[in-house]
Amino acid sequence: MSAAELETLFTSEIERIERWRHEELARAGYDGESALVLAASHDVDLHAAVDLLRRGCSVELALQILL
């Protein structure tokens, strides 16, 4: 497999992961834009983000905490 093919594979895997994270965050209650920002922030723990809303935190406050 060439370096270009590996790069394409790596990029598509990251996109797949970010798409899945976005779906999970939206399902938890984040609006589309907030979910997109959090999904692309790989240092943000998905479970912590979901748990904040589950515990009654507003999206705005969760974003302040997470970002």
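**Four helices and their buried faces**

Biologist: In which helix is Ala35 found?

Modeller: This is a predicted model. Buried residues of H2 include Ser34 and Ala35. The helix of Ala35 is H2.

Biologist: Is Ala35 buried or exposed, and at what relative accessible area?

Modeller: The cut-off for buried is under 20% relative accessible area. Ala35 falls below that cut-off, so it counts as buried, and its value is 0%.

Biologist: Which residues does Ala35 touch, leaving out those up to four places away in sequence?

Modeller: Ala35 sits in H2. One residue that Ala35 touches, Ala26, lies in helix H1, residues 3-28. The full set is His22, Leu25, Ala26 and Tyr30.

Biologist: How many Å separate the C-alpha atoms of Ala35 and Arg21?

Modeller: Along the chain, Ala35 and Arg21 are 14 residues apart. In space, their C-alpha atoms are separated by 7.9 Å.

Biologist: What does Ala26 count as at 35% relative accessibility?

Modeller: Buried means under 20% and exposed means over 50%. Ala26 has 35%, between those limits, so its class is partly exposed.

Biologist: What distance separates the C-alpha atoms of Ala26 and Leu36?

Modeller: Ala26 belongs to H1, and Leu36 is an exposed residue of H2. The two are 10 residues apart along the chain. Their C-alpha separation is 8.7 Å.

Biologist: Which residues of H2 are buried?

Modeller: The buried residues of H2 are Ser34, Ala35, Leu38 and Ala39. Around the axis they cover an arc of only 130°, which puts them on the same side of H2. On the other side, Glu33 and Leu36 are exposed. The buried set, again, is Ser34, Ala35, Leu38 and Ala39.

Biologist: Where does Asp45 lie?

Modeller: At 43% relative accessibility, Asp45 counts as partly exposed. The C-alpha atoms of Asp45 and Leu66 are separated by 8.3 Å, with their positions 21 residues apart along the chain being the offset. Asp45 lies in the loop between H2 and H3.

Biologist: Within what arc do the buried residues of H3 fall?

Modeller: H3 has Leu46, Ala49, Val50, Leu52 and Leu53 as its buried residues. Seen down the axis, they line one face of the helix, because their arc is 155°.

Biologist: Which exposed residues does the face of H3 turned away from its buried side carry?

Modeller: Leu46 and Val50 are among the buried residues of H3. The face turned away from them carries exposed residues, namely His47 and Arg54.

Biologist: At what angle do the axes of helix H3 and helix H4 cross?

Modeller: H3 spans residues 46-54 and H4 spans residues 59-66. Their axes come within 10 Å. H3 passes H4 in a right-handed crossing. The angle is roughly 145°.

Biologist: How many residues of the contact of H3 with H4 are nonpolar?

Modeller: From H3, the contact uses Ala49, Leu52 and Leu53. From H4, it uses Val59, Ala62, Ile65 and Leu66. None is polar and none is charged, leaving a nonpolar count of seven.

Biologist: Within what arc do the buried residues of H4 fall?

Modeller: Val59, Ala62 and Leu66 are buried in H4. They line one face of the helix, because seen down its axis they fall within an arc of 60°.

Biologist: What does the cover of the buried residues of H4 include?

Modeller: On the other side of H4, Glu60, Gln64 and Ile65 are exposed. The buried residues are Val59, Ala62 and Leu66. Their cover includes H2 and H3.

Biologist: What does Glu60 count as at 55% relative accessibility?

Modeller: Glu60 has its place in H4. The C-alpha atoms of Glu60 and Tyr30, 30 residues apart along the chain, are separated by 9.4 Å. The cut-off for exposed is over 50%. At 55%, Glu60 passes that cut-off, so it counts as exposed.

Biologist: How many helices does the secondary structure of the protein come to?

Modeller: From the N terminus on, the elements run α-α-α-α. There are zero strands. The helix count is four.

Biologist: What percentage of the residues of the protein count as buried?

Modeller: The protein exposes about 4700 Å², and carbon and sulfur atoms supply 56% of that area. The chain has 67 residues. The buried share of them is 27%.

Technical notes: Residues are numbered from 1 along each chain as its sequence is written. This is a predicted model: local features need pLDDT of at least 70, side-chain atom pairs count only at pLDDT 80 or more; totals for chains, interfaces and linings use all residues. Side-chain values use heavy atoms; hydrogens and water are left out. Axes are lines fitted to C-alpha atoms, for helices over the stretch in contact, and angles run from 0 to 180 degrees between N-to-C directions. Helices (H or I, at least four residues) and strands (E, at least two) are DSSP runs, numbered from the N terminus. A crossing is left-handed if the near helix is turned anticlockwise from the far one by less than a right angle, and right-handed if clockwise. Contact means heavy atoms within 4.5 Å. Ala, Val, Leu, Ile, Met, Phe, Trp, Tyr, Cys and Pro count as nonpolar, Asp, Glu, Lys and Arg as charged, and the others, Gly among them, as polar. Buried means under 20% relative accessible area, exposed over 50%, partly exposed in between (1.4 Å probe, protein chains only). Accessible areas come from the Shrake-Rupley method with a 1.4 Å probe; for residues, only the protein chains shown count as cover. The arc is that of the directions from the helix axis to the C-beta atoms.
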